[in-house]
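Hi,

Here is the structure I promised to pass on. Have a look at it first, then read my notes below.

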Amino acid sequence: MLPRPRGRRVAIATTSGALGVIATDLAVANGLELARFEAMTLAAMRGILPEWLAPANPFDFWIGIDIKGARAAHEIGLTAVLADPGVDLVLCTLLAPANADFAEFGDLMRRLRRAYDKPVAMAIYGGDARERWSKSLKGTGILVLPTTRAAARALALLAQATL
């Protein structure tokens, strides 16, 4: 279902600082290494963050939802992560409460998955949109798992099996 990764460099994209830290710990514990974002990636990420918040990996773009809106924050943040040539795999841990919800989530992810041939594993938490977002990802080639632990493990096993 997922494309083969070119390496073990993982980007963590999250809308929760705590989930980002957990995802980072789990990814590293499972043998993945954190990708280093290129200057163009960091510049794109800054477009949805306030001046005082420097982008990093894990990339927590929750505040971008307040600044740019849910759809723009997800599109800019996830595009930046997926487009970075130094990223081999993407682990997303997203919150789905009402203020983060937008109807085109599945369409956005489908378009990004086609544009960037990288393995993406996702854990979606909370909110009424969680079930709809998960269903909207069926057939996209994006792996949706119930926990961050399972998503990190799946990406690590994929990297191990293909390298």
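What pattern does the protein chain follow, read along the sequence? Going from start to end, the pattern is β-α-β-α-β-α-α-β-α-β-α-β-α. That comes to 7 helices and 6 strands, where helices (H or I, at least four residues) and strands (E, at least two) are DSSP runs numbered from the N terminus.

Before you dig in: this is a predicted model, with local features needing pLDDT of at least 70, side-chain atom pairs counting only at pLDDT 80 or more, and totals for chains, interfaces and linings using all residues. Residues are numbered from 1 along each chain as its sequence is written, and side-chain values use heavy atoms, with hydrogens and water left out.

On overall shape, the C-alpha trace spans about 40 × 35 × 30 Å along its principal axes. Of the 163 residues, 48% are buried (under 20% relative accessible area, with a 1.4 Å probe and protein chains only).

Now zoom in on helix 6. Ala129, Trp133 and Ser134 are buried there. Seen down the helix axis, the buried residues of helix 6 fall within an arc of 135 degrees, so they line one face (the arc is that of the directions from the helix axis to the C-beta atoms). Among the elements covering them are helix 4 (70–83), helix 5 (105–115) and strand 6, through contacts (heavy atoms within 4.5 Å).

Contacts also reach far along the chain: among those between residues at least 6 apart in sequence, 74% join residues at least 24 apart.

Enjoy!

Technical notes: Buried < 20%, exposed > 50% of the residue type's maximum accessible area, 1.4 Å probe, protein only.
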